[in-house]
Amino acid sequence: MSRQIEYMYRHYSPLEREGFVRKANPGVRFDRLWHDAQLLTLAAPHAWAIGRSKGAVGCRDGRITFVGAMEALPSDATAGEYIDCQGRWITPGLIDCHTHLVYGGNRAGEFEVRLAGAGYEEIARTGGGIVSTMHATRAASETELIRQSLPRLDALLSEGVTTVEIKSGYGLTLADERKQLRVARSLAEHRKVRVATTFLGAHALPPEYSNDSDGYIECICRDMLPEIAREGLADAVDAFCEGIGFSAAQVERVFCAARALGLPVKLHAEQLSNLHGAALAADHDALSADHLEHIDETGITAMARAGTVAVLLPGAYYFTRETRLPPIAAFRAAGVPMALATDCNPGTSPLTSPLLAMNMAATLFRMKVEECLAGMTREAARALGLGDQTGTLEVGKACDLAIWDIGEPAELVYGMGHKPLHARIFGGKSV
């Protein structure tokens, strides 16, 4: 901290400081300056922390304009507002890069059936699963979907999330998919959060196309995708490549249609079996391939070559009581970036705690603390194609911060059920 700032902070009240700054320097350098903080920048592997309460973050117009040691602040630095962090840790705002947050109803009844021994595929084939949520979502108005979705979003925000991805996929008609995507977009008008939307029309086969999956894929490519792209409702396109979902050949048709419309793609792949979806996704320069418990070496190599992010979803692994772990060591060795997400959805991961997702990734998947923290920030941003905008504490990026009452970063992964968030900053403002 410059001597001028330090003197003002120690000897003047907030109102006196503000008046002094305006008289001395009408062109304020920072809108806000968070100081006396410990920083977890996550800007690069193994070069990520400034400890001993000596860090500061400054912003202007919602963007980070300074991050580093206080002693490196310009000598003439001034700010409209000074926030003393009192030694707390600052990280980038958390990013939940894979959710199905907008849906109607719940599937607690199916949870009971699963506890009695029924499997995920068995439930899906008898009319439950995604199609069950489809009926509830179709029946709900946009107002009702907003009302049901906001508590789930609020739970994420209470743990430091500043960016969330929300998929459609529970409407399965053009009108209902558009409805889901409009609701997802509108949540950013109700809360201070960045929302990335993903069109997941190829999530399940709707009853209107029973026994005609090719016909439904044709509907997606011919009717749904062009309209959704025209309206600007989706930032990306996803699909479910699985025996109870869609084949690799069908997914490729969706990918080709999406790419022709200028939309990036991602994929639910290798969750229950290996249909080589991850390699297909990589061949189409996918932002991410998600789940991946059954991926093979060919898929890993393809993802590493393409830079496709592996989005790991420990909540779904836990909730469905899977036993096959995603190949963390192989991803690590191949240099495949690993992101983490809650997979918030009504059937296989009713999870709204990113902190618990990190704990699960560490305990169940044996991921390292640094990998978990990067997975919910830097790598999650990459999985959404937002790596140049958010996910790390770097000059020029959005000033989306989480300020924590912790003694060390490992506490964010270690704790179960604790709420250490002190403040959430979105666009340079406390919300």
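Biologist: Are Phe-30 and Phe-66 buried or exposed?

Modeller: In this predicted model, Phe-30 is buried, and Phe-66 is buried as well. The word means a relative accessible area under 20%, so both residues fall under that cut-off.

Biologist: What makes Phe-30 and Phe-66 an aromatic pair, and why is it called tilted?

Modeller: The whole structure holds 6 aromatic pairs. In the one formed by Phe-30 and Phe-66, the rings are 6.4 Å apart centre to centre, with 55 degrees between the planes. Ring centres must lie within 6.5 Å to pair, so the distance of 6.4 Å qualifies. Stacked needs under 30 degrees and edge-to-face over 60; the angle of 55 degrees meets neither, and therefore the pair is tilted.

Biologist: How do you know that the pair links distant parts of the chain?

Modeller: Phe-30 belongs to strand β1 (residues 30-40) and Phe-66 to strand β3 (residues 63-69), and they are 36 residues apart.

Biologist: Which residues form one aromatic cluster?

Modeller: Tyr-209, Tyr-216 and Phe-246 form it.

Biologist: What makes Arg-152 count as lying over the face of Tyr-103?

Modeller: Arg-152 is placed at 3.7 Å from the ring centre of Tyr-103. The limit for an Arg CZ is 6 Å from the centre, with a further limit of 35 degrees from the ring normal. The distance is within its limit, so that part of the test is met. No angle is quoted here, but Arg-152 is classed as lying over the face of Tyr-103.

Biologist: Why is strand β7 described as largely enclosed by the rest of the structure?

Modeller: Strand β7 (residues 161-167) has 7 of its 7 residues buried, so the rest of the structure largely encloses it.

Biologist: How do you know that β7 and β8 pair, and in which sense?

Modeller: They share 5 bridges in the parallel sense. Pairing asks for at least two bridges, so the strands β7 and β8 count as paired. Ile-166 stands opposite Thr-197 in β8. Strand β6 (residues 94-96) also pairs with β7 in the parallel sense, over 3 bridges, and Asp-96 is opposite Val-164 in β7.

Biologist: Why is Tyr-170 called buried?

Modeller: Tyr-170 has a relative accessible area of 2%. The cut-off is under 20%, so Tyr-170 is buried. Tyr-170 is found in the loop between β7 and α7 (174-190).

Biologist: How many bridges join β9 and β10, and which residue stands opposite His-268?

Modeller: Strand β9 (residues 236-241) and β10 pair in the parallel sense over 2 bridges. At least two are needed, so 2 bridges suffice. Phe-240 stands opposite His-268 in β10. From strand β10 (residues 266-269), Lys-266 and His-268 point one way, Leu-267 and Ala-269 point the other way, and all are buried.

Biologist: Why does Glu-270 count as buried, and why does Arg-321 count as exposed?

Modeller: Glu-270 has 1% relative accessibility, under the 20% limit for buried, so Glu-270 is buried. Arg-321 has a relative accessible area of 53%; exposed means over 50%, so Arg-321 is exposed. Glu-270 lies in the loop between β10 and α10 (277-283), and Arg-321 in the loop between α12 (314-319) and α13 (328-334). Glu-270 is not a glycine, yet has a positive phi of about 55 degrees. Arg-321, also not a glycine, has a positive phi of about 55 degrees.

Biologist: What residues line the second largest cavity, and how do they divide by class?

Modeller: The lining is made of Glu-165, Ala-196, Thr-197, Thr-198, Asp-235, Ala-236, Lys-266, Leu-287 and Leu-384. They divide into 4 nonpolar, 2 polar and 3 charged residues. Strand β8 (residues 194-202) gives the most, with 3 residues. The volume of this cavity is about 40 Å³, and the count of cavities of 30 Å³ or more is 3.

Biologist: Which element gives the largest share of the lining of the second largest pocket?

Modeller: The largest share, 3 residues, comes from α4. The volume of the second largest pocket is about 280 Å³. Its lining has 15 residues, and Ala-124, Ala-204, Leu-205, Ile-244 and Gly-245 lie nearest the centre. By class there are 9 nonpolar, 5 polar and 1 charged.

Methods. Residues are numbered from 1 along each chain as its sequence is written. This is a predicted model: local features need pLDDT of at least 70, side-chain atom pairs count only at pLDDT 80 or more; totals for chains, interfaces and linings use all residues. Side-chain values use heavy atoms; hydrogens and water are left out. On a 1 Å grid over the protein atoms alone, a cavity is a set of points where a 1.4 Å probe fits but cannot get out, and a pocket is an open set with protein on both sides within 12 Å along at least five of seven lines; lining residues have an atom within 4 Å of a point. Grid points are joined across faces, edges and corners, and a volume is the space filled by probe spheres set on the points. Helices (H or I, at least four residues) and strands (E, at least two) are DSSP runs, numbered from the N terminus. Ala, Val, Leu, Ile, Met, Phe, Trp, Tyr, Cys and Pro count as nonpolar, Asp, Glu, Lys and Arg as charged, and the others, Gly among them, as polar. Buried means under 20% relative accessible area, exposed over 50%, partly exposed in between (1.4 Å probe, protein chains only).
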